[in-house]
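Please look over the structure below, starting with its cysteines. The report then moves to loops, a helix and a pocket.

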Amino acid sequence: MLAARDRLLADARFQRISARLPLIGGVARREAAALFDLCAGFIYAQTLSACVSLDLFEFLAGRRASVAEIAAQCDLPARGAEALLEAASALRLLSVGRDGRYGLGMLGAALRGNPGISAMVRHHAALYADLADPVRVLRAGGAELAALWPYANGREGDTGPYTALMAASQPMIADAVLACCRFDRFACLMDVGGGSGRFVEAVGRAWPRLDLRLFDLPAVAEQARARLESVGMGGRVCCLAGDFTRDALPEGADLISFVRVLHDHEDDVVAGLLRRARAALPAHGAVLVAEPMADAPRAAAYFSLYLRAMGSGRPRRARRLTAMLRAAGFGRVRVLRSPMALLTRVLLADCKS
């Protein structure tokens, strides 16, 4: 059956006829558009990258400008500016008025309000350099992207780029978690792999009676301590140092969170980490997992290659993480209703059944 279907869909005559039939013509046209988007996706992404690199969204915030004004601002020739503006308008990043002047489009305005997305777009330069040869990435992993994440391959190195990227994008993840999870049953939260502390800061401001801890590599934990001091949260958050891939986790918290941590690591590392989390928790404790999961098709498509280029980890489905949590000794596992399931899904696993 599948072979017959594939032959039919690949047949040029069938494609021409189906495009003209009333009942299936719309479906055929949508599928053709989807196929075109797959072919053109890299150009779409590079259009966005150019806009971000040129700070075009900031320049056009609250104003409209002519092609000449934008060309001068971005140090582009007129023809280059026209090409960028035409492409960005087609993608709804920009909008153009009847007078030919350009302003922010719906997507451009939304992106400008979320610095985490801009940070990710800038960071994509390394990913795109690797994906110039995707088959090599699939066979051997990436080079440019892996160099930014030395921890992913067990190497010593500068964790600054990773921490900075996570800090820029963590607030929108924290908002998603806070929208679907209450913390009033817990006394102390320890965020493992907490980076600069943006997640514990957001939770702490929303739940002022909650004790807070952060656990990460020594250099990262020190950076988090300094940043949290600077935003008035130093007295709320205890920053603890260690390597969560090897060390026992400190006891004392009744909720441990892994926010965009597990998908960066292979199954054996995750299994060991979940076992250590269960050992560190009291009988009434719980684990919170928040990360993109393969249940969302676009997340699966993006993170499968991204993590392969990084050299470690994989996107997992909620049912796979549930099985791993239960194997580590946790009982009931709930999938919470996240408002941004594409970017992050949220699991809450109780120690008790």
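Cys-181 counts as buried, with a relative accessibility of 4%. In this predicted model, a search of the whole structure finds zero disulfides. Cys-181 is therefore unpaired: a disulfide needs sulfur atoms within 2.5 Å, and the nearest cysteine sulfur, that of Cys-180, is 6.2 Å away. Cys-188 is in no disulfide either. For Cys-188, the nearest cysteine sulfur belongs to Cys-238, at 8.6 Å. Cys-188 has 7% relative accessibility and counts as buried.

**The chain as a whole**

The protein chain holds 16 helices and nine strands. Of its 353 residues, 44% count as buried. Among contacts with a separation of 6 or more, 65% join residues 24 or more positions apart.

**Loops and positive phi**

Two arginines have a positive phi, a value noted here in residues other than glycine. The table sets them side by side.

| Residue | Phi | Loop | Relative accessibility |
|---|---|---|---|
| Arg-92 | near 65° | between H6 (78-90) and S1 (94-96) | 49%, partly exposed |
| Arg-260 | near 55° | between S6 (255-259) and H14 | 9%, buried |

Arg-260 counts as buried because its relative accessibility is 9%, and the cut-off for buried is under 20%. Arg-92, at 49%, counts as partly exposed; exposed would require over 50%.

H14 is followed by another loop of interest. Ala-283 lies in the loop between H14 and S7. Which residues does Ala-283 contact, leaving aside its neighbours within four places in sequence? They are Cys-351 and Lys-352. Ala-283 and Asp-254 are 29 residues apart along the chain, and their C-alpha atoms are separated by 8.6 Å.

**Helix H16**

H16 spans residues 318-327. Its buried residues are Ala-318, Leu-321, Thr-322, Met-324 and Leu-325. Why do they lie on the same side of H16? They cover an arc of only 165° around the axis, which puts them on one and the same side. The face turned away from the buried side carries the exposed residues Arg-319 and Ala-327.

What do the buried residues of H16 pack against? Their partners are helix H14 (267-280) and the strands S7 (286-291), S8 (333-336) and S9 (345-350). After H16 comes Gly-329, whose phi is positive, near 110°.

**The largest pocket**

Rolling a probe the size of a water molecule over the atoms shows where empty space is left. The largest pocket has a volume of about 2000 Å³. It is lined by 42 residues. Closest to its centre are Ala-45, His-124, Tyr-128, Arg-298 and Tyr-302.

Five helices give two or more residues to the lining: H3 (22-53), H7 (106-112), H8 (115-131), H11 (160-180) and H15 (297-310). Which element supplies the largest share of the lining? H15 does, with nine residues.

How does the lining divide by class? It has 33 nonpolar, five polar and four charged residues.

Definitions and conventions. Residues numbered from 1 in each chain as written. Predicted model: local features only at pLDDT ≥ 70, side-chain atom pairs only at ≥ 80, totals over all residues. Heavy atoms only, no water. Buried < 20%, exposed > 50% of the residue type's maximum accessible area, 1.4 Å probe, protein only. Helix = DSSP H or I, 4+ residues; strand = E, 2+ residues; numbered from the N terminus. Arc of directions from axis to C-beta. Contact = heavy atoms within 4.5 Å. 1 Å grid on protein atoms, 1.4 Å probe; cavity = no way out; pocket = protein on both sides within 12 Å on 5 of 7 lines; lining within 4 Å. Points joined across faces, edges and corners; volume = space filled by probe spheres on them. Nonpolar A, V, L, I, M, F, W, Y, C, P; charged D, E, K, R; others polar.
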